[in-house]
Amino acid sequence: MELTIPSTIPLQAYLALAAVLFCTGVWGLINSRNAVRVLMSIELMLNGVNINLMAFSNYLDGQLIRGQVFAIFVITVAAAEAAVGLAILLSLYRNRETVDMERFNLLRW
């Protein structure tokens, strides 16, 4: 017995939502000076990718869950990125007392 769930939302709606999230993340990454906002923008971009993976998996794979498995991997990488990024930010804040990206010059000659 094959169970299919009818989708009333078209694929284009998911792709548009993912594009809006991804573009918002790119805009925040480029325009932000605050390091916490940069990390949040990267998370937005990864969530846009996850929506694409889930939408294409639902519309193309059917009963296979390849997109969901890849989305789990992306979520795992995003969690690791957030933990390492926040640890680096805490260390920089303790040394420089700011999270302004313009003031970090530790790796400059």
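In this predicted model, helix H3 runs through residues 66-96. At 1.5 Å a residue, its 31 residues should span 45 Å, and the end C-alpha atoms are 44 Å apart, so expectation and model agree. Just after H3 comes Glu 97, which has a positive phi, near 60°.

Turning to the packing of this helix, the buried residues of H3 are Gly 67, Ala 71, Val 74, Ala 78, Gly 85, Leu 89 and Leu 92. It helps to recall that an α-helix has 3.6 residues a turn, so residues three or four places apart point the same way. The partner of the buried H3 residues is H2, against which they pack.

A handy place to look at this pairing is Met 54, a residue of helix H2 (residues 35-61). Leaving aside residues up to four places away in sequence, Met 54 touches Gly 67, Gln 68 and Ala 71. Of these contacts, Gly 67 and Ala 71 are among the buried residues of H3. The C-alpha atoms of Met 54 and Gly 67 are separated by 5.3 Å, although their positions lie 13 residues apart along the chain when counted as a sequence offset. Met 54 has a relative accessible area of 38%, and because this falls between the 20% and 50% cut-offs, Met 54 is classed as partly exposed.

Helix H2 also holds Phe 56, which at 34% relative accessibility likewise counts as partly exposed. Phe 56 joins Ile 9, Tyr 59 and Leu 60 in a nonpolar patch on the surface. Together, these residues offer about 370 Å² of accessible area.

Methods. Residues numbered from 1 in each chain as written. Predicted model: local features only at pLDDT ≥ 70, side-chain atom pairs only at ≥ 80, totals over all residues. Heavy atoms only, no water. Helix = DSSP H or I, 4+ residues; strand = E, 2+ residues; numbered from the N terminus. Buried < 20%, exposed > 50% of the residue type's maximum accessible area, 1.4 Å probe, protein only. Contact = heavy atoms within 4.5 Å. Expected span 1.5 Å × (residues − 1). Patch = residues over 30% accessible without salt bridge, like charges linked within 9 Å, V, L, I, M, F, W, Y side chains within 5 Å. Areas by Shrake-Rupley, 256 points an atom, 1.4 Å probe, with all protein chains shown as cover. Salt bridge = Lys/Arg side-chain N within 4 Å of Asp/Glu carboxyl O.
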